[in-house]
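Please open the structure in your viewer and keep the selection panel at hand, since each stop on this tour begins with something to select.

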2 protein chains.
Amino acid sequence: MKTIPLILIGCGGVGCHLLQHIVSCRSLHSTQGLCLRVVGVADSKSLVVVEDLLNKGLDDSFLLELCQVKRGGESLSKLSHFGECRVFVHPESQGKILEIASQLGKRTGLVLVDCSASSDTIAVLKQGVDMGCCVVMANKKPLTSTMEDFEKLFTHPRRIRHESTVGAGLPAIASVNRIISSGDPVHRIIGSLSGTLGYVMSEVEDGKPLSQVVRAAKSLGYTEPDPRDDLGGMDVARKALILARILGRQISLDNIQIESLYPKEMGPDVMTVEDFLGHGLLLLDKDIQERVEKAASNGNVLRYVCVIEGPRCEVGVQELPKNSPLGRLRGSDNVLEIYTRCYSDQPLVIQGAGAGNDTTAAGVLADIVDVQDLFP
Amino acid sequence: MKTIPLILIGCGGVGCHLLQHIVSCRSLHSTQGLCLRVVGVADSKSLVVVEDLLNKGLDDSFLLELCQVKRGGESLSKLSHFGECRVFVHPESQGKILEIASQLGKRTGLVLVDCSASSDTIAVLKQGVDMGCCVVMANKKPLTSTMEDFEKLFTHPRRIRHESTVGAGLPAIASVNRIISSGDPVHRIIGSLSGTLGYVMSEVEDGKPLSQVVRAAKSLGYTEPDPRDDLGGMDVARKALILARILGRQISLDNIQIESLYPKEMGPDVMTVEDFLGHGLLLLDKDIQERVEKAASNGNVLRYVCVIEGPRCEVGVQELPKNSPLGRLRGSDNVLEIYTRCYSDQPLVIQGAGAGNDTTAAGVLADIVDVQDLFP
């Protein structure tokens with residue numbers, strides 16, 4: 001039986017689902033000769049660590065109780081009992097993670113799993129890499145910080161996995177990495193990588209006003225609490241940057257041309273969410289409607305996409321053939337079209353749900369299982 | 001620098017492209033700290049092995065010359081010079097492969113790469129597994145033989161890769177394996193896994209007679225020399241069986257319901273290829289045309305697919321919604337729709353060229369690179 005010790009950083013949403021997946025996959029992984037040993041779980045305030053670091057993991061019943069506490073919106077420190085484990089509070093918790101990393105990293109191996117959405121983990125992850133740890137991320141921030149941080153994390157590329165940073169659990173990164181290692185040159189990637197913007201663009205295509213569509217998307221729970229977090233394109237830009245960087249482009253967020261669906265005058269520092277949804281959005285309806293009609297007159301549709309081609313890395317609205325994988329996209333699925341030497345006329349297409357805690361956590365778990373050969 | 005020694009079995013078509021890819025990826029792999037050392041190459045008649053097995057690989061210039069000989073339709077034994085290597089002829093060659101496997105398998109590791117289309121390799125691969133070798137296959141035969149052979153090859157699942165047995169280089173197997181290891185239960189896989197039959201079904205959808213479409217496909221080089229090898233569905237059935245088996249179904253080819261597009265009375269033992277193409281096919285036009293029209297009257301189209309769902313594993317013509325990834329399929333692309341807990345309403349879709357030596361070889365090379373963590 002091969003044991004993979006891991007520390008989970010960020011145990012709300014995705015992290016919480018990951019713990020549940022780990023527990024429910026116990027017997028499956030055991031048939032594969034695999035045991036995932038969760039030695040620590042951290043949220044932004046606390047870290048819970050098992051007492052016997054070298055031999056034990058946190059109990060499954062404890063992990064499930066922890067999930068329940070987090071689902072209730074509480075901090076880890078609200079747990080009713082801690083049994084055979086110890087609790088460290090911020091900022092002591094970060095030092096403790098590194099202490100464990102140095103203890104286990106080169107001895108039994110250790111995976112640092114980052115399911116947070118914070119930049120605060122970057123320092124710990126980088127030091128973990130130096131200590132021989134594997135790093136699995138759903139968090140986009142560490143990979144979209146400076147090129148220096150990115151290169152540091154990729155010091156040992158085989159020890160890094162980050163499938164769920166692009167398209168949730170969709171096999172996007174794994175597929176691009178396979179293409180790269182087979183020497184098949186990637187000419188162009190174009191993708192709709194925001195479920196929210198995919199939904200918005202296919203709804204306005206049907207003639208609905210943008211304002212109405214965004215309000216509907218918000219009430220369906222498709223958007224962030226402030227829909228401008230989606231409409232601004234920054235989340236898509238981070239995904240585009242990650243794809244561009246694994247293709248070898250030495251660029252940063254600043255180098256990406258990002259088209260926002262709302263003007264600066266309607267930004268969060270100028271206008272409240274209520275004002276934006278109430279009257280700001282209405283002012284944008286006409287322009288989008290005209291663009292939709294112009295595209296339709298060319299037999300095309302509008303999609304909010306990222307395009308990576310040669311030195312070009314752009315994020316914004318593009319007019320695309322109605323009769324293409326991206327043009328046919330409806331609803332909130334993600335789509336990635338990859339053009340290479342082998343897929344030159346017709347792209348390699350990967351399509352499916354690109355959001356959701358369940359799917360994202362499944363991608364993280366597949367990544368953890370995938371580094372098993374690096375463990376003794 | 002990590003070195004991966006390998007023996008290539010089968011060096012026509014796909015194998016020939018693989019050798020060219022290996023040579024052209026030398027500098028790429030070197031930047032990844034990787035060196036692929038080709039210690040032997042075999043065709044059905046001969047095996048060429050480097051003299052200094054522990055330290056050297058066959059020269060790149062020699063590998064390229066070897067490709068040229070094979071492209072000319074000649075046997076390996078026709079090579080003009082052998083330099084620092086030795087040649088063994090069948091049946092001595094099989095014993096020699098095993099001798100090398102036992103020498104290198106547990107010492108430096110060895111990958112047996114099967115790019116043949118023969119069942120003759122099964123015995124060698126199985127023994128190689130026992131000797132600690134990794135096995136990478138484009139050859140479907142070893143995985144579609146008995147359940148016993150299949151289980152033997154999967155004694156150490158991490159040492160086996162076979163992406164190119166289904167959908168050529170498309171990331172089909174890798175994606176299904178990721179889904180399995182994340183514990184996301186696969187409810188249903190439905191796929192169009194024959195470029196030939198995908199082309200045929202989308203052309204008859206346009207109202208063209210089957211006979212005309214098959215003849216056109218043959219002249220475009222889309223079919224086997226005898227198109228009945230495609231139309232019979234056995235190739236698709238093998239792919240379906242591989243998918244079903246990695247999902248854990250303990251079945252064999254005999255358990256798969258296969259619909260042939262031609263009746264037994266037009267089989268290769270009854271009718272010549274010329275007779276089949278000349279008049280046999282004409283007798284099939286009316287039936288297919290009627291089925292196409294019936295499907296169209298339901299808003300559907302016909303696709304030749306494999307369906308794996310619960311205990312069911314079928315291969316044949318299905319009526320599918322025009323407005324689905326499979327229904328929208330045109331031309332010779334392969335499409336796989338995977339329905340799981342995470343992808344329940346909308347499937348995970350993987351689409352792209354599913355045939356061609358270049359693509360198939362790229363998939364094999366990605367597989368070889370992917371086992372690197374098992375090497376010292």
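The tour starts with both chains together, moves to where they meet, and ends inside chain A.

Before selecting anything, bear in mind that this is a predicted model. Colour the two chains separately and superpose one on the other: chain B can be laid on chain A with an RMSD of 0.0 Å by a turn of 180 degrees, with a shift of 0.0 Å along the axis. The two copies are thus related as by a two-fold rotation axis. To find that axis on the side of chain B, select Ile350(B), whose C-alpha, at 2.4 Å, comes closest to it among the residues of chain B. The same surface serves both copies, with 97% of the contact residues of chain B recurring in chain A.

Next, select the contact residues themselves, where 36 residues of chain B are in contact with 35 residues of chain A. On the side of chain B that touches chain A, the elements giving two or more residues are helix H1 (13–24), helix H7 (172–181), strand E13 (348–353) and helix H14 (357–370) of chain B. Of these, H14(B) provides the largest share, seven residues. If you colour this side of chain B by residue class, you will find 17 nonpolar, twelve polar and seven charged residues.

Now narrow the selection to strand E13 (residues 348–353) in both chains, where E13(A) and E13(B) run antiparallel and are joined by three bridges. Within this pairing, Gln351(A) stands opposite Val349(B).

From the interface, turn to the interior. Which residues have the most contacts inside the largest nonpolar core? They are Leu8(A) and Leu8(B), in a core of 227 residues. Select Leu8(A) and display its surroundings: leaving aside residues up to four places away in sequence, Leu8(A) touches Gly15(A), Leu18(A), Leu19(A), Val38(A), Val41(A), Ala42(A), Val113(A) and Cys115(A).

One of those neighbours leads to the next selection, since Leu8(A) stands opposite Val41(A) in strand E2 of chain A. Strand E1 (residues 2–9) of chain A runs parallel to E2(A), and eight bridges join the two. E2(A), residues 34–42, is mostly covered, with eight of its nine residues buried.

For the last stop, add strand E3 (residues 46–50) of chain A, which pairs with E2(A) in the antiparallel sense over three bridges. Ala42(A) has Leu47(A) in E3(A) as its bridge partner, and the two strands, E2(A) and E3(A), form a hairpin with three residues between them.

Definitions and conventions: Residues are numbered from 1 along each chain as its sequence is written. Chains are lettered from A and ligands numbered from 1 in the order in which they are written. This is a predicted model: local features need pLDDT of at least 70, side-chain atom pairs count only at pLDDT 80 or more; totals for chains, interfaces and linings use all residues. Two residues are in contact if their C-beta atoms, placed from the backbone, lie within 7 Å. Helices (H or I, at least four residues) and strands (E, at least two) are DSSP runs, numbered from the N terminus. Ala, Val, Leu, Ile, Met, Phe, Trp, Tyr, Cys and Pro count as nonpolar, Asp, Glu, Lys and Arg as charged, and the others, Gly among them, as polar. Two strands pair if DSSP finds at least two bridges between them. Copies are superposed by least squares on the C-alpha atoms of residues with pLDDT of at least 70 in both. A nonpolar core is a set of buried Ala, Val, Leu, Ile, Met, Phe, Trp, Tyr and Cys residues joined through C-beta atoms within 7 Å. A residue is buried if 20 or more other C-beta atoms lie within 10 Å of its own, exposed if 12 or fewer, and partly exposed in between; C-beta atoms are placed from the backbone.
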